[in-house]
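Reader: I would like a close look at the charged pairs in this model, and at how the buried residues are arranged in the helices around them. Please take the salt bridges one at a time and give the cut-off behind each term.

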Amino acid sequence: MGARFKSSRAAFLRNNEAFMDMVTGHMAIDIERGLKSTSGMPVKTGRMKASARSFRNSKGNHRVEINSEYAATQEAGVRKTGKGAPTQRFKNYTTAGTGAGFFMRAINAVKGRRASYIEEAARALNL
């Protein structure tokens, strides 16, 4: 008598896509929250902080962006002093406790908890 094998590849791939989408989605949302609350993003008028958002590019791919023309300058902490001139580091920020590297701080805080995102998604999908 022969043995039968039923492939569950399609179900596995569906579960894997849902798993990855859930993990990266929750991480993106928490990076956005971190940017707006604990990362030390410079705040003068609040426009840059208000423009931070996370969204889904496609299934399993999420993006966090700050839609402000000076966000990259603030993240780097340097600016050009004029055409052809060297860059100059910011000496102080308008709000205490804020400064350069705020985006990387938000990312690193979430990266440090990546195991918990994986466990949460596995429980939610019964994996």
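Author: The account below begins with the salt bridges, then turns to a loop residue and to two helices.

This is a predicted model, in which local features need pLDDT of at least 70 and side-chain atom pairs count only at pLDDT 80 or more, while totals for chains, interfaces and linings use all residues. Residues are numbered from 1 along each chain as its sequence is written, and side-chain values use heavy atoms, with hydrogens and water left out.

Side chains of opposite charge can pair when their charged atoms come close. With a salt bridge taken as a side-chain nitrogen of Lys or Arg within 4 Å of a carboxyl oxygen of Asp or Glu, the count comes to six. One of them joins the side chains of Asp21 and Arg56, with an N to O distance of 2.7 Å. Because Asp21 belongs to helix α1 and Arg56 to strand β1 (residues 52-58), this pair ties together parts that are 35 residues apart in sequence. Helices (H or I, at least four residues) and strands (E, at least two) are DSSP runs, numbered from the N terminus. Asp21 is buried, at a relative accessible area of 15%, whereas Arg56 is partly exposed at 45%; buried means under 20% relative accessible area, exposed over 50%, and partly exposed in between, with a 1.4 Å probe and protein chains only.

A salt bridge also links Glu32 and Lys36, whose closest N and O atoms are 3.0 Å apart. These two residues are four apart in helix α1, and therefore separated by about one helical turn. Glu32 is buried, with a relative accessible area of 16%, while Lys36 is partly exposed at 33%.

Between Glu65 and Arg53 the closest N and O atoms of the salt bridge are 3.3 Å apart. Since Glu65 is in strand β2 (residues 61-66) and Arg53 in strand β1, the pair ties together parts that are twelve residues apart in sequence. Arg53, at 39% relative accessibility, counts as partly exposed. In addition, salt bridges that share partners join Asp30, Arg33 and Arg113 into one network.

The loop between α1 (9-37) and α2 (47-50) holds Ser39, which is buried with a relative accessible area of 4%. The side chain of Ser39 reaches the backbone oxygen of Leu35 at 3.4 Å, a polar contact being a pair of N or O atoms within 3.5 Å, where within protein one must be able to donate a hydrogen and the other to accept it, and residues adjacent in sequence count only if both atoms are side-chain atoms. Apart from neighbours within four places in sequence, Ser39 is in contact (heavy atoms within 4.5 Å) with Gly34, Phe102, Arg105 and Ala106.

Phe102 and Ala106 lead on to helix α4 (residues 102-111), whose buried residues are Phe102, Phe103, Ala106 and Val110. Seen down the axis of α4, these buried residues fall within an arc of 110°, so they line one face of the helix; the arc is that of the directions from the helix axis to the C-beta atoms.

In helix α5 (residues 114-124), Tyr117, Ala121 and Ala122 are buried. They cover an arc of only 130° around the axis, which puts them on the same side of α5. After α5 comes Asn126, whose phi is positive, near 55°.
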